[in-house]
Amino acid sequence: MERVIDLDQAVLEVGRRRGRWEDAGLTVAPVTWRDGEQTWPQQLYLERSVVVDPDSFGVVLTGMGGGLYVVLYRGGWTDVDYFVGIDDAGALPTTGIDSAAAFGDQLDTCVSRVFGPLPGVAE
């Protein structure tokens, strides 16, 4: 898999937002890492230090009756699923993720889509 995104930089974007999300009432699960050197089926790890060749990481946000499930792959794409209600669930499209900052922007868009504008966050 081509390395488009530095996952260690991208995970900092999650960290920069974590306090704001938690202050708004969301629960932010610990980031999980997947190691590209593992054979299938690959395990997920909470500790980045045990992952030799990170090929993805994921984070889950829940609260306000909804959930957002995001996985970023070093190739520059994401899997983003969400649940707001029985009639509002599915996958969210993301495009143009070629940097950690672009990933952060996509996170903001997805969080706003699922949980609405968060208190104290300028739109």
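Which side chain does Asp53 meet in a salt bridge? The views below, all taken from a predicted model, begin with that pair.

**View 1. Salt bridge between Arg74 and Asp53.** The side chain of Asp53 meets that of Arg74, with an N to O distance of 2.8 Å. Arg74 sits in the loop between β5 (66-73) and β6 (78-85), and Asp53 in the loop between β3 (44-45) and β4, so the contact links distant parts of the chain, 21 residues apart. Arg74 and Asp53 are both buried. A search of the whole structure returns nine salt bridges, one of which is this pair.

**View 2. Salt bridge between Arg34 and Asp55.** The closest N and O atoms of Arg34 and Asp55 are 3.0 Å apart. Arg34 belongs to strand β2 (residues 32-35) and Asp55 to strand β4 (residues 54-63), so the salt bridge ties together parts that are 21 residues apart in sequence. Both Arg34 and Asp55 are buried.

**View 3. Salt bridge between Glu13 and Arg16 in helix α1.** Here the closest N and O atoms of Glu13 and Arg16 are 2.6 Å apart. The two residues are three places apart in helix α1 (residues 7-23), and so about one helical turn separates them. An α-helix has 3.6 residues a turn, so residues three or four places apart point the same way. The two ends of the bridge differ in burial: Glu13 has a relative accessibility of 11% and counts as buried, whereas Arg16, at 55%, counts as exposed.

**View 4. Arg17 and the salt-bridge network.** Arg17 is a residue of helix α1. Its relative accessibility is 7%, and it therefore counts as buried, the limit being under 20%. The side chains of Arg17 and Glu13 are joined by a polar contact of 2.7 Å. Apart from neighbours within four places in sequence, Arg17 is in contact with Gly104, Asp105, Leu107 and Asp108. A network of salt bridges links Glu13, Arg16, Arg17, Arg20 and Asp108.

**View 5. Helix α2 and its buried residues.** Helix α2 (residues 100-115) contains 16 residues. From first C-alpha to last, α2 reaches 22 Å, close to the 22 Å expected at 1.5 Å a residue. Its buried residues are Ala100, Ala102, Phe103, Gly104, Gln106, Leu107, Cys110, Val111, Val114 and Phe115. These buried residues pack against α1, β4, β5 and β6. Gly116 follows α2 and has a positive phi, near 80 degrees.

**View 6. The largest nonpolar core.** This core has 30 residues, of which Trp21, Phe57, Leu61, Leu68 and Phe103 touch the most other members. The elements giving two or more residues to the core are α1, β4, β5, β6 and α2. Helix α2 supplies the largest share, seven residues. In soluble globular proteins, nonpolar side chains tend to be buried together. With residues up to four places away in sequence left out, Phe103 touches Ala10, Glu13, Val14, Phe57, Val70, Leu72, Thr78 and Ile97.

**View 7. Aromatic pair of Trp33 and Phe57.** Three aromatic pairs are found in a search of the whole structure. Trp33 and Phe57 form one that is tilted, with 5.3 Å from centre to centre and 50 degrees between the planes. Trp33 is in strand β2 and Phe57 in strand β4, 24 residues apart, and the pair links these distant parts of the chain. Trp33 is buried, at a relative accessible area of 4%. Phe57 also counts as buried, at 1% relative accessibility.

**View 8. Aromatic pair of Phe57 and Phe103.** The ring centres of Phe57 and Phe103 are 5.7 Å apart and their planes lie at 85 degrees, so the pair is edge-to-face. Phe57 is in strand β4 and Phe103 in helix α2, so the pair ties together parts that are 46 residues apart in sequence. Both Phe57 and Phe103 are buried. Through ring pairs, Trp33, Phe57 and Phe103 are linked into a cluster.

Technical notes. Residues numbered from 1 in each chain as written. Predicted model: local features only at pLDDT ≥ 70, side-chain atom pairs only at ≥ 80, totals over all residues. Heavy atoms only, no water. Salt bridge = Lys/Arg side-chain N within 4 Å of Asp/Glu carboxyl O. Helix = DSSP H or I, 4+ residues; strand = E, 2+ residues; numbered from the N terminus. Buried < 20%, exposed > 50% of the residue type's maximum accessible area, 1.4 Å probe, protein only. Expected span 1.5 Å × (residues − 1). Contact = heavy atoms within 4.5 Å. Polar contact = N/O pair within 3.5 Å; in protein donor to acceptor, adjacent residues only side chain to side chain. Core = buried A, V, L, I, M, F, W, Y, C linked by side-chain atoms within 4.5 Å. Phe/Tyr/Trp six-rings, centres within 6.5 Å; stacked < 30°, edge-to-face > 60°.
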